[in-house]
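Dear colleague,

Please find below the structure for your review. My findings follow it.

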Amino acid sequence: MIPMPGRDTPVWNDSEVLECVAVLPEAPEVRTFTFRPPSGATFVYRAGQFITLDLPVPGGNVQRTYTISSSPVTSAYISVTVKAHVDSIGTRWMLDHLKPGMQIKAYGPAGLFHLPPSPDGKYLFISAGSGVTPMMSMAQTLFERGEDPDICFIQCANRPVELIFRQKLEYMASRVTGLQLHFVVSKSDPYEVWTGYRGHFNQLMLGLMCNDYLERDVFCCGPEGFMESVREILNSLGYDMDRYYQESFQAPAETKAELTEFDDVVPQDDVQAQIVFANSQVSAWCSETDTVLAVAKDAGLNIPSGCTFGVCGTCKVKKLSGDVHMVHSGGISEEDVEAGYILACCSNPIGTVEVEV
Ligand SMILES: Cc1cc2nc3c(=O)[nH]c(=O)nc-3n(C[C@H](O)[C@H](O)[C@H](O)COP(=O)(O)OP(=O)(O)OC[C@H]3O[C@@H](n4cnc5c(N)ncnc54)[C@H](O)[C@@H]3O)c2cc1C
Ligand code: FES
């Protein structure tokens with residue numbers, strides 16, 4: 001039996017495995033998985049943060065990062081809502097094999113894309129596809145506080161059937177006046193009348209759905225092309241982009257080039273480097289442009305990793321000596337950097353580097 005959380009219930013940390021307690025279908029190839037710690041510990045996180053799951057796929061474990069789609073107001077469990085794309089390895093394994101009663105290792109929660117500690121502003125949430133997951137957690141958090149939230153919630157999908165959480169959102173919007181819900185689809189479903197917006201999200205739609213967008217903090221999540229077009233729309237309308245926040249589920253192609261352009265140390269492909277994996281007593285020669293993660297993998301060593309572009313923090317390792325060139329996207333804190341930690345997935349060795357692996 002799972003103990004119920006009480007005043008003295010400990011907070012979950014990732015040294016404890018998570019038990020899957022429920023699996024719910026949400027849309028084609030999309031399911032919500034709910035987890036609890038066997039000890040009954042509670043979860044503490046901010047709406048919008050993510051967790052990284054260690055998935056035992058055939059051929060070796062892989063780590064995948066998923067936003068927590070449930071609300072931190074309910075601290076006894078967390079849910080993730082995952083979509084399997086064509087060729088998916090990790091998410092496909094979850095859809096096909098992860099069942100209630102199974103236990104898996106998880107890392108986190110972490111992430112900088114979240115509501116502020118006292119979220120009492122006006123919000124515009126814009127998402128596409130599985131990018132709705134952080135928006136759901138944020139909207140539900142604001143809804144469950146019992147005060148009328150002020151949210152304009154815009155969700156885009158390919159077809160109506162692919163609008164994840166549609167019924168749940170409609171229920172919430174029917175209970176509070178401050179949640180304005182707008183759906184946009186590119187195509188119709190056969191046999192279902194669609195009376196909402198159709199086409200690709202654009203400037204005209206934004207004006208019709210949310211005429212006070214200039215007064216709102218914008219949270220956006222979806223495929224890179226979608227977020228780019230949202231940024232263009234907002235920029236062209238004179239929106240203050242300091243109030244714009246976004247989460248990428250995939251590595252943005254331009255980030256590394258943009259950041260390294262202004263950096264004084266640029267790793268060179270033709271310059272040799274060496275990584276010493278101290279605990280494993282292995283050392284490997286490589287090029288400066290290789291990442292610590294890739295060199296470890298080639299040497300047969302396992303550093304758990306999730307996003308592989310410096311967001312999730314799963315690949316954090318201690319650097320014992322030497323220098324690296326690290327270009328991360330928020331997956332490590334200043335304190336950890338000062339304490340000598342690096343993210344293996346986005347750190348290139350300069351000269352000889354020793355890490356605690
Ligand atoms: C911070 C963060 C939060 C995330 N939150 C969620 C979430 O809430 N729900 C969720 O489903 N995913 C989320 N992701 C994405 C998730 O971590 C995986 O990257 C994604 O599910 C692909 O893993 P996979 O095992 O399914 O496919 P992989 O085995 O990694 O890839 C298989 C194939 O799928 C393609 N592919 C991978 N990702 C996508 C994509 N997003 N769209 C189209 N094709 C793709 C690849 O190009 C490849 O060809 C998040 C990622 C990050 C970094
Ligand atoms: S794997 Fe996500 S930060 Fe390195």
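In this predicted model, the residues of helix H2 that are buried are Val132, Thr133, Pro134, Met135, Met136, Ser137, Met138, Ala139, Gln140, Thr141, Leu142 and Phe143. Buried here denotes a relative accessible area under 20%. Because twelve of the 13 residues of H2 meet this criterion, the helix is largely enclosed by the rest of the structure.

The cover over these buried residues of H2 includes five strands and a helix, listed here with their residue ranges:

- strands S4 (62-67), S5 (78-83), S7 (123-128), S8 (151-157) and S11 (217-221);
- helix H3 (166-175).

The length of H2 was also checked. Helix H2 comprises residues 132-144, and at 1.5 Å a residue its 13 residues should span 18 Å; the end C-alpha atoms are 18 Å apart, which agrees. After H2 comes Gly146, which has a positive phi, near 90°.

Two of the strands that cover H2, S4 and S5, also belong to an open sheet of six strands, arranged in the order S4-S3-S6-S1-S2-S5 with antiparallel pairing. S4 and S5 stand at its edges and have a single partner strand each, so one side of each is left without a neighbour in the sheet. From one strand to the next, the twist averages 35°.

Within this sheet, strand S3 (residues 50-55) pairs with strand S6 (residues 103-110) through four bridges, in the antiparallel sense. Leu53, for example, has Ala106 in S6 as its bridge partner.

Yours faithfully

Conventions: Residues are numbered from 1 along each chain as its sequence is written. Chains are lettered from A and ligands numbered from 1 in the order in which they are written. This is a predicted model: local features need pLDDT of at least 70, side-chain atom pairs count only at pLDDT 80 or more; totals for chains, interfaces and linings use all residues. Side-chain values use heavy atoms; hydrogens and water are left out. The expected span of a helix is 1.5 Å times one less than its number of residues. Buried means under 20% relative accessible area, exposed over 50%, partly exposed in between (1.4 Å probe, protein chains only). Contact means heavy atoms within 4.5 Å. Two strands pair if DSSP finds at least two bridges between them. Axes are lines fitted to C-alpha atoms, for helices over the stretch in contact, and angles run from 0 to 180 degrees between N-to-C directions.
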